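Trainee: I'd like to take a close look at one part of this model with you. Could you start from a single contact and then show me what surrounds it?

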Amino acid sequence: MKQIAVFAHYDKDSIIDDYVVYYLKSLKNLCEKVVFVSACDIASEELAKLDGIADYMIANSHDEYDFGSYKRGFLFLRENKLSENADRLIFANDSCYAPLFPLEN
(Lines give C-alpha, C1' and ligand atoms only; values in the text may rest on other atoms or scores of the structure.)
Protein backbone atom coordinates (compact mmCIF):
# COMPACT_ATOMS: atom_id res chain seq x y z
CA MET A 1 0.00 0.00 0.00
CA LYS A 2 1.42 3.36 -1.03
CA GLN A 3 1.01 5.83 1.83
CA ILE A 4 2.10 9.47 1.95
CA ALA A 5 2.09 11.73 5.01
CA VAL A 6 1.78 15.50 5.20
CA PHE A 7 2.89 16.65 8.63
CA ALA A 8 1.91 20.11 9.91
CA HIS A 9 4.27 21.80 12.37
CA TYR A 10 4.44 25.00 14.37
CA ASP A 11 6.72 26.07 17.20
CA LYS A 12 6.76 29.55 18.70
CA ASP A 13 10.58 29.31 18.97
CA SER A 14 11.00 27.84 15.47
CA ILE A 15 12.54 24.60 16.71
CA ILE A 16 11.79 20.96 15.98
CA ASP A 17 11.29 19.13 19.27
CA ASP A 18 12.46 15.57 19.87
CA TYR A 19 8.89 14.25 20.06
CA VAL A 20 8.28 15.62 16.55
CA VAL A 21 11.35 13.79 15.23
CA TYR A 22 10.12 10.59 16.93
CA TYR A 23 6.63 10.99 15.44
CA LEU A 24 8.05 11.61 11.95
CA LYS A 25 10.35 8.57 12.19
CA SER A 26 7.31 6.44 12.99
CA LEU A 27 5.42 7.88 10.03
CA LYS A 28 8.42 7.30 7.77
CA ASN A 29 8.34 3.60 8.70
CA LEU A 30 4.83 3.45 7.23
CA CYS A 31 4.95 5.94 4.40
CA GLU A 32 6.72 6.05 1.09
CA LYS A 33 6.97 9.84 1.35
CA VAL A 34 6.79 12.28 4.26
CA VAL A 35 6.26 15.98 3.64
CA PHE A 36 7.08 18.23 6.61
CA VAL A 37 5.36 21.62 6.46
CA SER A 38 6.00 24.23 9.12
CA ALA A 39 4.01 27.41 9.68
CA CYS A 40 7.20 29.17 10.78
CA ASP A 41 10.61 29.92 9.36
CA ILE A 42 13.10 27.33 10.57
CA ALA A 43 16.90 27.54 10.44
CA SER A 44 18.70 24.97 8.33
CA GLU A 45 20.36 23.57 11.47
CA GLU A 46 16.92 22.70 12.84
CA LEU A 47 15.73 21.25 9.54
CA ALA A 48 18.83 19.04 9.52
CA LYS A 49 17.20 17.07 12.36
CA LEU A 50 14.86 15.66 9.70
CA ASP A 51 17.52 14.55 7.22
CA GLY A 52 16.72 10.99 6.18
CA ILE A 53 13.26 11.24 7.72
CA ALA A 54 11.28 13.89 5.83
CA ASP A 55 11.51 13.57 2.08
CA TYR A 56 10.42 17.18 1.54
CA MET A 57 10.50 20.15 3.90
CA ILE A 58 8.58 23.39 3.54
CA ALA A 59 9.20 25.98 6.26
CA ASN A 60 7.63 29.35 5.63
CA SER A 61 5.79 31.53 8.09
CA HIS A 62 2.06 31.70 7.40
CA ASP A 63 -0.99 32.45 9.49
CA GLU A 64 -3.19 29.58 8.30
CA TYR A 65 -2.50 27.11 11.12
CA ASP A 66 -2.49 23.36 10.49
CA PHE A 67 -4.95 23.51 7.61
CA GLY A 68 -2.73 26.01 5.81
CA SER A 69 0.19 23.62 6.19
CA TYR A 70 -1.92 20.71 4.98
CA LYS A 71 -2.93 22.79 1.97
CA ARG A 72 0.69 23.65 1.17
CA GLY A 73 1.77 20.02 1.50
CA PHE A 74 -1.11 18.72 -0.60
CA LEU A 75 -0.49 21.29 -3.36
CA PHE A 76 3.24 20.44 -3.31
CA LEU A 77 2.44 16.76 -3.79
CA ARG A 78 -0.06 17.46 -6.56
CA GLU A 79 2.13 19.96 -8.43
CA ASN A 80 5.06 17.55 -8.36
CA LYS A 81 2.91 14.52 -9.24
CA LEU A 82 4.04 12.77 -6.06
CA SER A 83 0.62 11.68 -4.86
CA GLU A 84 -0.42 9.87 -8.00
CA ASN A 85 -1.35 6.27 -7.32
CA ALA A 86 -1.29 6.83 -3.55
CA ASP A 87 -3.58 4.50 -1.66
CA ARG A 88 -3.66 6.63 1.47
CA LEU A 89 -2.83 10.22 2.30
CA ILE A 90 -2.20 10.82 5.99
CA PHE A 91 -2.55 14.30 7.50
CA ALA A 92 -0.85 14.57 10.90
CA ASN A 93 0.35 17.38 13.12
CA ASP A 94 2.55 18.11 16.08
CA SER A 95 -0.39 18.84 18.37
CA CYS A 96 -0.33 15.14 19.21
CA TYR A 97 2.34 13.27 21.10
CA ALA A 98 2.51 10.10 19.12
CA PRO A 99 2.81 7.28 18.66
CA LEU A 100 2.19 5.67 22.01
CA PHE A 101 1.96 2.29 20.31
CA PRO A 102 3.46 1.12 17.00
CA LEU A 103 1.64 2.70 14.06
CA GLU A 104 2.02 -0.45 11.99
CA ASN A 105 -0.92 -2.00 13.86
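Trainee: Which residue forms a salt bridge with Lys2, and how far apart are the closest N and O atoms?

Mentor: Happy to! Keep in mind that this is a predicted model. The partner of Lys2 is Glu32, and the closest N and O atoms of this salt bridge are 3.9 Å apart. Try finding the two residues in the sequence: they are 30 residues apart, so the pair counts as a link between distant parts of the chain. Lys2 sits in the segment before β1, while Glu32 belongs to the loop between α1 and β2, the strand of residues 33–38.

Now look at how covered the two partners are. Lys2 has a relative accessible area of 19%, and because the cut-off for buried is under 20%, Lys2 counts as buried. Glu32 has a relative accessibility of 43%, so Glu32 is partly exposed.

Stay in that loop for a moment. Cys31 also has its place between α1 and β2. With a relative accessible area of 6%, Cys31 is buried. What does Cys31 touch, once its neighbours within four places in sequence are left aside? The answer is Gln3, Ile4, Ala5 and Ile90. Take Ala5: Cys31 and Ala5 are 26 residues apart in sequence, yet their C-alpha atoms are 6.5 Å apart in space.

From here we can step back to the sheet. Four strands build an open sheet, with parallel pairing, in the order β3-β2-β1-β4. At its edges are β3 and β4 (88–93), each of which pairs on one side only. From one strand to the next, the twist averages 15 degrees. Between β1 and β4 there are six bridges, in the parallel sense. A good place to see this pairing is Phe7, which stands opposite Ala92 in β4. Next come the helices. α1 packs on the sheet and touches β1, β2 and β4, with its direction making about 165 degrees with that of β1. α3 packs on the sheet too, touching β1, β2, β3 and β4, and its direction makes about 145 degrees with that of β1.

The aromatic rings give us another way to see how helices and strands meet. How many aromatic pairs does a search of the whole structure find? There are six. One of them joins Phe7 and Tyr23 in an edge-to-face arrangement, at 5.2 Å centre to centre and with 85 degrees between the planes. This pair also links distant parts of the chain: Phe7 lies in strand β1 (residues 3–9) and Tyr23 in helix α1 (residues 18–30), 16 residues apart. Both Phe7 and Tyr23 are buried. Another aromatic pair, Tyr56 and Phe76, is tilted, with 5.1 Å centre to centre and 55 degrees between the planes. Here the link runs from Tyr56 in strand β3 (residues 56–59) to Phe76 in helix α3 (residues 65–79), 20 residues apart. The relative accessible area of Tyr56 is 25%, so Tyr56 is partly exposed. Phe76 is partly exposed as well, at 22%. Going back to Phe7 and Tyr23, you can add Phe36 to the picture, for Phe7, Tyr23 and Phe36 form one aromatic cluster.

Let's return to salt bridges, where we began. The structure holds six of them. In the one between Glu46 and Lys49, the closest N and O atoms are 2.9 Å apart. Glu46 is buried, with a relative accessible area of 16%, whereas Lys49 is partly exposed at 33%. Another salt bridge brings together the side chains of Glu64 and Lys71, at 3.1 Å from N to O. Glu64 is partly exposed at 35%, and Lys71 is partly exposed at 40%. Arg72 joins in here too: Glu64, Lys71 and Arg72 are linked in a network of salt bridges.

To trace the path once more, begin at Lys2 and its salt bridge with Glu32. Then find Cys31, in the loop between α1 and β2. Finish at Phe7, opposite Ala92 in β4.

Definitions and conventions. Residues numbered from 1 in each chain as written. Predicted model: local features only at pLDDT ≥ 70, side-chain atom pairs only at ≥ 80, totals over all residues. Heavy atoms only, no water. Phe/Tyr/Trp six-rings, centres within 6.5 Å; stacked < 30°, edge-to-face > 60°. Buried < 20%, exposed > 50% of the residue type's maximum accessible area, 1.4 Å probe, protein only. Salt bridge = Lys/Arg side-chain N within 4 Å of Asp/Glu carboxyl O. Pairing = 2+ DSSP bridges. Axes fitted to C-alpha atoms, helices over the stretch in contact; angles between N-to-C directions. Contact = heavy atoms within 4.5 Å.
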